[in-house]
Amino acid sequence: MKVVNRYLGRTPSLDSQLLLYDYVTGENLALMDASLITAMRTGAVTVHAMSLFANPDFYEIGMMGFGNIGIACMEVLLAYYADRKMRIKILRYKEHAEKIIARYGEHSNVQFVIVDSVEEIIRESDVVISSISYTDELLGQDDWFKEGCLVIPVHLRGFQNCDLFFDKVYGDDYGQVKGFRYFDKFKFFAETSEVLRKEKEGRINSKERILSYNVGMSLHDVYAASKIYGYFADMPDTVSLSPKSKYWL
């Protein structure tokens, strides 16, 4: 069981805990801080969506929103594409952009660029990743999105106009997406798992504009938690798992 809460103004705004049980006996195995599990799982799912739906020759990436989830996306992106030449545009906000470059600037395969507007983030980007946790406005105009782009709104906010004209939309689970306001107007929808099983098509050409709504599945968290629990199960009783800092920025 995972409990998640969001408080605007808190840093980080999202916090969560996870109770892990033995499926056969019902025994409670652990109470875990699920914040890091959630962040890293979300980062992994985001980059997996890139590997599956982005144009194979993608180069320019626009990223905005650098709370824990945004940092996790960057961590996994740079690890998975450690040798790929990329240009990553970062939206200037407070001191986040400068801290990102200070932290990851040693990656010789990446050119980091700080930009001052969402329009600059979106225009000419092959992939747009938004980890902005809250907005009640649309973030980009229709004509800002280049042909062939992939957009991943991690927290589902700000890209509802894309629902109406993008060529394809993918998601973790039909049940999570069917309630979206414009679901009935999607040109195409499939679950990511259907693409992996080759039951539905993924990207078929370089011109398709694609949305990937990764709402998040509890199965991802439980699987990660069970692996962590299994890793430490045979260790001494006193083991510190606390990160150096709960707040990455």
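In this predicted model, helix 2 and helix 3 cross each other in a right-handed sense. The two surfaces that meet here are formed by Ile-71, Met-74, Glu-75 and Leu-78 on the side of helix 2, and by Ile-100, Arg-103 and Tyr-104 on the side of helix 3. Sorted by character, the residues of this contact comprise five that are nonpolar and two that are charged, with no polar ones.

To place this crossing in the structure, it helps to find helix 2 at residues 68-80 and helix 3 at residues 96-104, and to note that they pack at an angle of about 30°, with their axes 12 Å apart. Angles under 35 degrees count as roughly parallel, and helix 2 and helix 3 are therefore described as roughly parallel to each other.

Helix 3 also leads the reader on to the strands, since in the model this helix lies across strand 5 (86-91) and strand 6, and runs at about 170° to strand 6.

Strands 5 and 6 belong to an open sheet of eight strands, in which the order is 6-5-4-7-8-11-9-10 and the pairing is parallel. At the edges of this sheet are strand 6 (110-115) and strand 10 (189-191), each of which pairs on one side only. On average, and with direction ignored, neighbouring strands of the sheet are turned by 20° against each other.

Within that order, strand 7 can be followed through its two neighbours. On one side, strand 4 (residues 60-64) pairs with strand 7 (residues 127-130) in the parallel sense, over four bridges, and one of the pairings to look for is that of Gly-62 with its bridge partner Val-128 in strand 7. Strand 7 is also joined by four bridges to strand 8 (residues 150-153), and these two strands run parallel; here Ile-129 has Ile-152 of strand 8 as its bridge partner.

What, then, happens on the two faces of strand 7? In a regular strand the side chains alternate between the two faces of the sheet. In strand 7, Val-127 and Ile-129 are on one side, while Val-128 and Ser-130 are on the other, and all of these residues are buried, so that both faces of the strand are covered.

Note on methods
Residues numbered from 1 in each chain as written. Predicted model: local features only at pLDDT ≥ 70, side-chain atom pairs only at ≥ 80, totals over all residues. Heavy atoms only, no water. Axes fitted to C-alpha atoms, helices over the stretch in contact; angles between N-to-C directions. Parallel < 35°, antiparallel > 145°, perpendicular 65-115°, else oblique. Left-handed = near helix turned anticlockwise from the far one by under 90°. Contact = heavy atoms within 4.5 Å. Nonpolar A, V, L, I, M, F, W, Y, C, P; charged D, E, K, R; others polar. Pairing = 2+ DSSP bridges. Buried < 20%, exposed > 50% of the residue type's maximum accessible area, 1.4 Å probe, protein only.
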